[in-house]
Amino acid sequence: MNEKYRKKLLGEFQDLFPKENPLFREGSGVSFFIDCGDGWYKLIYDLCLSLREMLKENPIEGFMVVQVKEKFGGLRFYIGAGSKEIFDRINKAEQESYHICEFCGGVGKVRNDLVWIRTLCDKCYNDYKRNKK
């Protein structure tokens with residue numbers, strides 16, 4: 001994810017992304033615990049808004065976002081502690097990611113014929129294949 005989107009997530013959701021996270025490197029300009037394409041920014045942003053609302057109603061001691069990344073073509077959103085409702089909401093977002101292009105945010109599908117499994121729209125898939133040759 002580009003630095004602008006990372007900074008926006010980290011700035012707006014400081015309550016969810018604490019700086020105590022060992023993967024956060026203050027001042028380095030790089031947040032190693034947010035590692036996925038720009039196309040999932042809105043999905044992650046909306047998930048964070050939803051989690052914040054859930055935590056306002058039912059605070060959970062030890063909640064923090066530990067890592068956000070792509071794995072096997074889907075979003076992975078790891079947290080330190082949570083309720084069943086929070087884990088259900090995260091699971092829903094992770095499942096939605098398999099239908100959203102990780103690069104542009106358009107309608108995507110899982111592509112298994114690349115070096116790395118990715119969820120991409122047709123255009124990004126073709127561009128990716130063309131540039132990797």
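A residue is termed buried when its relative accessible area is under 20%, and exposed when that value is over 50%. These terms are applied below to a predicted model.

The protein comprises 4 helices and 5 strands, which follow one another from the N terminus in the order α-β-α-β-β-α-β-β-α. Of its 133 residues, 41% are buried. The exposed surface of the protein amounts to about 7700 Å², of which carbon and sulfur atoms contribute 53%. Where residues at least 6 apart in sequence are in contact, 50% of these contacts link residues at least 24 apart.

Helix α4, spanning residues 122-131, contains the buried residues Cys124, Tyr125 and Tyr128. Viewed down the axis of α4, the buried residues occupy an arc of 105 degrees and therefore line one face of the helix. An α-helix has 3.6 residues a turn, so residues three or four places apart point the same way. The buried residues of α4 pack against two strands, β4 (109-111) and β5 (118-120). Asp122, Lys123 and Arg130, on the other side of α4, are exposed.

A further buried position is found in strand β2 (residues 65-71), which includes Val68. The relative accessible area of Val68 is 1%, and this residue is therefore classed as buried, the cut-off being under 20%. Beyond its neighbours within four places in sequence, Val68 contacts Phe17, Phe33, Ile34, Asp35, Ile44, Leu75, Arg76 and Phe77. With respect to one of these partners, Ile34, the C-alpha to C-alpha distance from Val68 is 4.7 Å, although 34 residues separate the two in sequence.

Conventions: Residues numbered from 1 in each chain as written. Predicted model: local features only at pLDDT ≥ 70, side-chain atom pairs only at ≥ 80, totals over all residues. Heavy atoms only, no water. Buried < 20%, exposed > 50% of the residue type's maximum accessible area, 1.4 Å probe, protein only. Contact = heavy atoms within 4.5 Å. Areas by Shrake-Rupley, 256 points an atom, 1.4 Å probe, with all protein chains shown as cover. Arc of directions from axis to C-beta.
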